[in-house]
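Here are a few short exercises to work through with the model open beside you. Try each task before you read its solution.

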Amino acid sequence: MPAPAQTLYTARAHLAAGRLAEAEAACQDLLRQDEVCVPALHVLALVQAQTGRLGPGAASLEQAVQLAPDNFAARNDLGAMLITLNRPDKAEIQLQAAVALQPDSAEARVNLGNAVHAQGRLEAAEAIYREALPLDPRHVRGLMSLGNLLYAARRPADALEFLAAAADLAPGSAAAHLFLGNCLRDLVRVDDALASYRRALALEPGNADVNENLGIIHKAQGRIEEALASFRASSNPYARALALECELALGRQSDFFAWLESHAAEEATNLHSASVSA
(Lines give C-alpha, C1' and ligand atoms only; values in the text may rest on other atoms or scores of the structure.)
Protein backbone atom coordinates (compact mmCIF):
# COMPACT_ATOMS: atom_id res chain seq x y z
CA MET A 1 0.00 0.00 0.00
CA PRO A 2 1.41 3.44 -0.91
CA ALA A 3 2.41 5.77 1.90
CA PRO A 4 -0.31 8.29 2.90
CA ALA A 5 1.75 11.21 1.61
CA GLN A 6 2.07 9.54 -1.81
CA THR A 7 -1.65 8.75 -1.91
CA LEU A 8 -2.49 12.39 -1.05
CA TYR A 9 -0.14 13.61 -3.77
CA THR A 10 -1.84 11.25 -6.22
CA ALA A 11 -5.31 12.46 -5.20
CA ARG A 12 -4.31 16.08 -5.75
CA ALA A 13 -2.76 15.25 -9.11
CA HIS A 14 -5.93 13.48 -10.23
CA LEU A 15 -8.02 16.47 -9.10
CA ALA A 16 -5.82 18.93 -10.96
CA ALA A 17 -6.04 16.81 -14.12
CA GLY A 18 -9.81 16.48 -13.88
CA ARG A 19 -9.71 12.77 -13.12
CA LEU A 20 -12.36 13.12 -10.45
CA ALA A 21 -13.29 9.46 -9.95
CA GLU A 22 -9.64 8.56 -9.41
CA ALA A 23 -9.17 11.51 -7.04
CA GLU A 24 -12.17 10.44 -4.99
CA ALA A 25 -10.98 6.85 -4.83
CA ALA A 26 -7.57 7.98 -3.57
CA CYS A 27 -9.21 10.15 -0.90
CA GLN A 28 -11.41 7.28 0.23
CA ASP A 29 -8.32 5.06 0.49
CA LEU A 30 -6.68 7.68 2.71
CA LEU A 31 -9.75 8.09 4.89
CA ARG A 32 -9.98 4.33 5.41
CA GLN A 33 -6.46 4.52 6.83
CA ASP A 34 -7.06 7.73 8.77
CA GLU A 35 -10.65 8.97 9.05
CA VAL A 36 -9.50 12.34 10.42
CA CYS A 37 -7.08 13.15 7.58
CA VAL A 38 -7.92 16.80 6.96
CA PRO A 39 -6.17 17.14 3.56
CA ALA A 40 -8.04 14.07 2.28
CA LEU A 41 -11.36 15.51 3.48
CA HIS A 42 -10.55 18.79 1.72
CA VAL A 43 -9.69 17.18 -1.62
CA LEU A 44 -12.73 14.92 -1.32
CA ALA A 45 -14.94 17.99 -0.76
CA LEU A 46 -13.60 19.64 -3.91
CA VAL A 47 -14.29 16.48 -5.90
CA GLN A 48 -17.80 16.27 -4.49
CA ALA A 49 -18.47 19.92 -5.39
CA GLN A 50 -17.17 19.48 -8.93
CA THR A 51 -19.42 16.47 -9.44
CA GLY A 52 -22.55 18.32 -8.32
CA ARG A 53 -22.64 17.05 -4.74
CA LEU A 54 -22.40 20.36 -2.94
CA GLY A 55 -24.18 19.18 0.19
CA PRO A 56 -21.78 16.29 0.85
CA GLY A 57 -18.89 18.55 -0.14
CA ALA A 58 -19.86 21.11 2.48
CA ALA A 59 -20.25 18.34 5.04
CA SER A 60 -16.72 17.09 4.30
CA LEU A 61 -15.32 20.60 4.73
CA GLU A 62 -17.29 21.14 7.93
CA GLN A 63 -15.66 18.00 9.30
CA ALA A 64 -12.24 19.28 8.18
CA VAL A 65 -12.82 22.64 9.89
CA GLN A 66 -13.89 20.95 13.10
CA LEU A 67 -10.68 18.94 13.07
CA ALA A 68 -8.46 21.88 12.05
CA PRO A 69 -10.06 25.23 13.02
CA ASP A 70 -7.00 27.17 11.82
CA ASN A 71 -7.08 25.70 8.31
CA PHE A 72 -7.55 28.80 6.15
CA ALA A 73 -8.14 27.02 2.85
CA ALA A 74 -10.81 24.72 4.30
CA ARG A 75 -12.71 27.64 5.85
CA ASN A 76 -12.47 29.72 2.68
CA ASP A 77 -13.65 26.90 0.43
CA LEU A 78 -16.42 25.99 2.88
CA GLY A 79 -17.62 29.59 2.90
CA ALA A 80 -17.71 29.72 -0.91
CA MET A 81 -19.58 26.42 -1.03
CA LEU A 82 -22.15 27.58 1.52
CA ILE A 83 -22.86 30.67 -0.59
CA THR A 84 -23.63 28.41 -3.54
CA LEU A 85 -25.91 26.37 -1.27
CA ASN A 86 -27.80 29.58 -0.41
CA ARG A 87 -26.60 29.57 3.19
CA PRO A 88 -24.87 32.97 3.22
CA ASP A 89 -25.28 33.50 6.96
CA LYS A 90 -23.34 30.31 7.68
CA ALA A 91 -20.86 31.22 4.94
CA GLU A 92 -20.21 34.58 6.57
CA ILE A 93 -19.13 32.90 9.81
CA GLN A 94 -16.60 30.72 8.00
CA LEU A 95 -15.29 33.57 5.88
CA GLN A 96 -14.90 35.95 8.82
CA ALA A 97 -12.72 33.27 10.37
CA ALA A 98 -10.79 32.84 7.11
CA VAL A 99 -10.12 36.59 6.91
CA ALA A 100 -8.95 36.58 10.51
CA LEU A 101 -6.53 33.79 9.67
CA GLN A 102 -5.19 35.50 6.53
CA PRO A 103 -6.07 39.22 6.55
CA ASP A 104 -4.13 39.80 3.30
CA SER A 105 -6.18 37.32 1.28
CA ALA A 106 -8.19 39.13 -1.39
CA GLU A 107 -9.90 35.86 -2.26
CA ALA A 108 -11.31 35.39 1.24
CA ARG A 109 -12.45 39.02 1.43
CA VAL A 110 -14.22 38.79 -1.94
CA ASN A 111 -15.97 35.63 -0.79
CA LEU A 112 -16.93 37.38 2.44
CA GLY A 113 -18.30 40.29 0.41
CA ASN A 114 -20.36 37.84 -1.64
CA ALA A 115 -21.80 36.28 1.53
CA VAL A 116 -22.72 39.69 2.93
CA HIS A 117 -24.12 40.81 -0.44
CA ALA A 118 -26.31 37.70 -0.61
CA GLN A 119 -27.86 38.76 2.69
CA GLY A 120 -28.83 42.15 1.27
CA ARG A 121 -26.30 44.22 3.24
CA LEU A 122 -25.14 46.18 0.23
CA GLU A 123 -23.16 48.97 1.89
CA ALA A 124 -21.23 46.48 4.01
CA ALA A 125 -20.56 44.29 0.95
CA GLU A 126 -19.29 47.28 -1.04
CA ALA A 127 -16.91 48.20 1.79
CA ILE A 128 -15.56 44.63 1.92
CA TYR A 129 -14.98 44.51 -1.85
CA ARG A 130 -13.16 47.83 -1.67
CA GLU A 131 -10.94 46.42 1.09
CA ALA A 132 -10.20 43.34 -1.02
CA LEU A 133 -9.19 44.96 -4.30
CA PRO A 134 -6.11 46.87 -3.07
CA LEU A 135 -4.80 43.49 -1.90
CA ASP A 136 -5.09 42.17 -5.47
CA PRO A 137 -6.13 44.80 -8.04
CA ARG A 138 -6.29 42.09 -10.72
CA HIS A 139 -8.81 39.92 -8.85
CA VAL A 140 -11.39 39.45 -11.61
CA ARG A 141 -14.17 38.08 -9.42
CA GLY A 142 -13.70 40.95 -7.00
CA LEU A 143 -13.86 43.51 -9.80
CA MET A 144 -16.98 41.91 -11.22
CA SER A 145 -18.63 41.57 -7.82
CA LEU A 146 -18.09 45.23 -6.93
CA GLY A 147 -19.02 46.38 -10.43
CA ASN A 148 -22.24 44.38 -10.46
CA LEU A 149 -23.19 45.60 -6.99
CA LEU A 150 -22.77 49.21 -8.11
CA TYR A 151 -24.61 48.54 -11.36
CA ALA A 152 -27.55 46.93 -9.53
CA ALA A 153 -27.63 49.98 -7.26
CA ARG A 154 -28.14 52.11 -10.40
CA ARG A 155 -24.66 53.55 -10.24
CA PRO A 156 -23.39 52.54 -13.70
CA ALA A 157 -20.87 55.38 -13.86
CA ASP A 158 -19.25 54.07 -10.67
CA ALA A 159 -19.48 50.47 -11.87
CA LEU A 160 -17.82 51.08 -15.23
CA GLU A 161 -14.24 51.26 -13.92
CA PHE A 162 -14.47 47.84 -12.29
CA LEU A 163 -16.40 46.05 -15.03
CA ALA A 164 -14.07 47.41 -17.73
CA ALA A 165 -11.04 46.24 -15.76
CA ALA A 166 -12.57 42.77 -15.34
CA ALA A 167 -13.24 42.48 -19.08
CA ASP A 168 -9.67 43.59 -19.87
CA LEU A 169 -8.19 41.07 -17.43
CA ALA A 170 -10.48 38.21 -18.50
CA PRO A 171 -10.94 38.60 -22.28
CA GLY A 172 -12.13 34.99 -22.49
CA SER A 173 -15.00 35.52 -20.04
CA ALA A 174 -18.38 35.96 -21.72
CA ALA A 175 -19.85 37.05 -18.38
CA ALA A 176 -17.33 39.87 -18.01
CA HIS A 177 -18.20 41.24 -21.48
CA LEU A 178 -21.93 40.83 -20.81
CA PHE A 179 -21.76 42.80 -17.56
CA LEU A 180 -19.65 45.51 -19.17
CA GLY A 181 -22.11 45.69 -22.05
CA ASN A 182 -25.02 46.15 -19.67
CA CYS A 183 -23.22 49.00 -17.93
CA LEU A 184 -22.29 50.71 -21.19
CA ARG A 185 -25.86 50.40 -22.44
CA ASP A 186 -27.18 52.16 -19.34
CA LEU A 187 -24.62 54.90 -19.89
CA VAL A 188 -26.01 55.30 -23.44
CA ARG A 189 -22.70 54.25 -24.98
CA VAL A 190 -24.55 52.07 -27.44
CA ASP A 191 -21.74 51.30 -29.90
CA ASP A 192 -19.43 50.27 -27.06
CA ALA A 193 -22.19 48.15 -25.54
CA LEU A 194 -22.76 46.39 -28.86
CA ALA A 195 -19.03 45.67 -29.13
CA SER A 196 -19.02 44.12 -25.65
CA TYR A 197 -22.09 42.00 -26.37
CA ARG A 198 -20.55 40.79 -29.63
CA ARG A 199 -17.37 39.77 -27.81
CA ALA A 200 -19.49 37.84 -25.32
CA LEU A 201 -21.47 36.22 -28.12
CA ALA A 202 -18.29 35.14 -29.92
CA LEU A 203 -17.32 33.30 -26.74
CA GLU A 204 -20.77 31.87 -25.98
CA PRO A 205 -23.03 32.00 -29.07
CA GLY A 206 -25.95 30.51 -27.17
CA ASN A 207 -25.83 32.86 -24.18
CA ALA A 208 -29.49 33.75 -23.60
CA ASP A 209 -28.84 37.03 -21.76
CA VAL A 210 -26.40 38.33 -24.36
CA ASN A 211 -28.76 37.52 -27.21
CA GLU A 212 -31.67 39.16 -25.41
CA ASN A 213 -29.75 42.35 -24.62
CA LEU A 214 -28.32 42.53 -28.12
CA GLY A 215 -31.84 42.21 -29.49
CA ILE A 216 -33.09 45.01 -27.26
CA ILE A 217 -30.50 47.40 -28.70
CA HIS A 218 -31.26 46.34 -32.28
CA LYS A 219 -34.99 46.80 -31.65
CA ALA A 220 -34.44 50.28 -30.18
CA GLN A 221 -32.44 51.16 -33.30
CA GLY A 222 -35.25 49.98 -35.56
CA ARG A 223 -33.23 47.03 -36.87
CA ILE A 224 -36.14 44.65 -36.41
CA GLU A 225 -34.84 41.71 -38.46
CA GLU A 226 -31.58 41.67 -36.49
CA ALA A 227 -33.48 42.08 -33.23
CA LEU A 228 -35.73 39.14 -34.12
CA ALA A 229 -32.73 36.91 -34.85
CA SER A 230 -31.21 37.77 -31.47
CA PHE A 231 -34.46 37.22 -29.56
CA ARG A 232 -34.96 33.88 -31.27
CA ALA A 233 -31.47 32.83 -30.19
CA SER A 234 -32.39 33.47 -26.54
CA SER A 235 -34.32 31.04 -24.37
CA ASN A 236 -35.40 33.77 -21.94
CA PRO A 237 -39.20 34.19 -21.67
CA TYR A 238 -38.92 37.97 -22.05
CA ALA A 239 -36.95 37.52 -25.27
CA ARG A 240 -39.74 35.33 -26.64
CA ALA A 241 -42.26 38.07 -25.88
CA LEU A 242 -40.06 40.60 -27.66
CA ALA A 243 -39.73 38.23 -30.60
CA LEU A 244 -43.53 38.27 -30.91
CA GLU A 245 -43.46 42.08 -30.98
CA CYS A 246 -40.93 41.94 -33.80
CA GLU A 247 -42.96 39.40 -35.74
CA LEU A 248 -46.04 41.58 -35.36
CA ALA A 249 -44.10 44.66 -36.46
CA LEU A 250 -42.99 42.76 -39.56
CA GLY A 251 -46.52 41.46 -40.19
CA ARG A 252 -45.40 37.86 -39.74
CA GLN A 253 -47.59 36.49 -36.95
CA SER A 254 -47.81 33.08 -38.58
CA ASP A 255 -44.01 32.82 -38.68
CA PHE A 256 -43.83 33.47 -34.96
CA PHE A 257 -46.38 30.82 -34.03
CA ALA A 258 -44.71 28.29 -36.31
CA TRP A 259 -41.36 29.02 -34.66
CA LEU A 260 -42.89 28.83 -31.17
CA GLU A 261 -44.48 25.47 -31.95
CA SER A 262 -41.21 24.01 -33.25
CA HIS A 263 -39.29 25.42 -30.28
CA ALA A 264 -41.78 23.89 -27.83
CA ALA A 265 -41.49 20.54 -29.58
CA GLU A 266 -37.69 20.72 -29.35
CA GLU A 267 -37.84 21.51 -25.61
CA ALA A 268 -40.26 18.62 -25.05
CA THR A 269 -37.86 16.26 -26.85
CA ASN A 270 -34.93 17.49 -24.77
CA LEU A 271 -36.93 17.07 -21.56
CA HIS A 272 -37.93 13.54 -22.51
CA SER A 273 -34.31 12.66 -23.36
CA ALA A 274 -33.14 14.03 -20.02
CA SER A 275 -35.76 12.05 -18.09
CA VAL A 276 -34.83 8.85 -19.92
CA SER A 277 -31.14 9.42 -19.19
CA ALA A 278 -31.91 9.99 -15.49
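**Exercise 1: A loop residue with an unusual backbone angle**

Task: Decide whether arginine 154 is buried or exposed, and locate arginine 154 in the chain.

Solution. Start with the surface: arginine 154 has a relative accessibility of 77%, and the cut-off for exposed is over 50%, so this residue counts as exposed. Keep in mind that this is a predicted model. Next, look along the chain: arginine 154 sits in the loop that links helix H9 (140-152) to helix H10 (156-169). Finally, check the backbone: the phi of arginine 154 is positive, near 60°, and the residue is not a glycine. That deserves a second look, because most residues other than glycine have a negative phi.

**Exercise 2: A second positive phi**

Task: Find the loop that holds valine 188, and state how accessible valine 188 is.

Solution. First, the loop runs between helix H11 (174-186) and helix H12 (190-203), and valine 188 lies in it. Second, valine 188 has a relative accessible area of 65%, so it is exposed. Third, although not a glycine, valine 188 has a positive phi of about 60°.

**Exercise 3: Into the core**

Task: Identify the residues with the most contacts inside the largest nonpolar core.

Solution. The largest nonpolar core contains 67 residues, and Val43 and Tyr197 have the most contacts inside it. Helix H3 (residues 38-50) gives this core its largest share, seven residues. Now follow Val43 outward: leaving aside residues up to four places away in sequence, it touches Leu8, Ala11, Arg12, Leu15 and Cys27. Another core, of eight residues, lies apart from the largest one and includes Ile224, Leu228, Phe231 and Leu242.

**Exercise 4: Cysteines**

Task: Work out whether cysteine 183 is buried or exposed, do likewise for cysteine 246, and then count the disulfides in the whole structure.

Solution. Buried means under 20% relative accessible area; cysteine 183 is at 0%, so it counts as buried. Cysteine 246, at 1%, is buried too. A search of the whole structure gives zero disulfides.

**Exercise 5: The whole protein**

Task: Describe the secondary structure, the extent of the C-alpha trace and the burial of the protein.

Solution. Count the elements: there are 16 helices and zero strands. Then take the principal axes, along which the C-alpha trace spans about 70 × 50 × 30 Å. Of the 278 residues, 43% count as buried. To finish, turn to the surface: the accessible area is about 14100 Å², and carbon and sulfur atoms hold 54% of it.

Conventions
Residues are numbered from 1 along each chain as its sequence is written. This is a predicted model: local features need pLDDT of at least 70, side-chain atom pairs count only at pLDDT 80 or more; totals for chains, interfaces and linings use all residues. Side-chain values use heavy atoms; hydrogens and water are left out. Helices (H or I, at least four residues) and strands (E, at least two) are DSSP runs, numbered from the N terminus. Buried means under 20% relative accessible area, exposed over 50%, partly exposed in between (1.4 Å probe, protein chains only). Accessible areas come from the Shrake-Rupley method with a 1.4 Å probe; for residues, only the protein chains shown count as cover. A nonpolar core is a set of buried Ala, Val, Leu, Ile, Met, Phe, Trp, Tyr and Cys residues joined through side-chain atoms within 4.5 Å. Contact means heavy atoms within 4.5 Å. A disulfide is a pair of cysteine sulfur atoms within 2.5 Å.
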